[in-house]
Amino acid sequence: MSFCSFSGGEVFKDNFKPGIYVCSKCDHQLFSSRSKFEHSSPWPAFTETVQEDSVSKYAERPGAFKVLCGKCGNGLGHEFVNDGPSKGKSRF
């Protein structure tokens with residue numbers, strides 16, 4: 001699977017088949033389908049990364065981090081703190 005940017009139609013938002021989502025530029029493993037959950041945003045939503053170094057991130061504003069591929073720096077979107085499916089979980 002590939003992690004795709006939004007361009008009017010996100011093909012992985014409603015896909016819940018088992019697998020690993022990887023960076024579309026370098027194939028670095030980012031998210032597991034086990035951490036994926038339904039969310040109202042137009043993009044796939046995950047609670048955690050596959051490994052600690054799967055992504056790099058920096059604070060963009062309080063409660064939100066800009067998220068990049070941990071290997072090549074490709075922009076992946078954001079992490080929203082405490083916006084996951086349960087208390088204390090983030091949404092990537």
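This passage describes the strands, the surface and the aromatic rings of a predicted protein model. In this model, local features need pLDDT of at least 70 and side-chain atom pairs count only at pLDDT 80 or more, while totals for chains, interfaces and linings use all residues. Residues are numbered from 1 along each chain as its sequence is written, and side-chain values use heavy atoms, with hydrogens and water left out.

The protein has eight strands and zero helices (DSSP runs numbered from the N terminus: E of at least two residues for strands, H or I of at least four for helices). Of its 92 residues, 36% are buried (under 20% relative accessible area, with a 1.4 Å probe and protein chains only).

A good place to begin a tour is with the aromatic rings, as a search of the whole structure finds three aromatic pairs (rings of Phe, Tyr and Trp, the last by its six-membered ring, with centres within 6.5 Å; stacked if the planes are under 30 degrees apart, edge-to-face if over 60 and tilted for the rest). Y21 and F46 form an edge-to-face pair, at 4.9 Å centre to centre and 70° between the planes. Because Y21 lies in strand 2 (residues 20-23) and F46 in strand 5 (residues 45-46), this pair ties together parts that are 25 residues apart in sequence. Both Y21 and F46 are buried.

The rings of F31 and F46 are stacked, because their centres are 4.4 Å apart and their planes at 10°. F31 lies in strand 3 (residues 29-32) and F46 in strand 5, so parts 15 residues apart in sequence are tied together. F31 counts as buried at 2% relative accessibility. Ring pairs link Y21, F31, F46 and F92 into a cluster.

Methods
Buried < 20%, exposed > 50% of the residue type's maximum accessible area, 1.4 Å probe, protein only.
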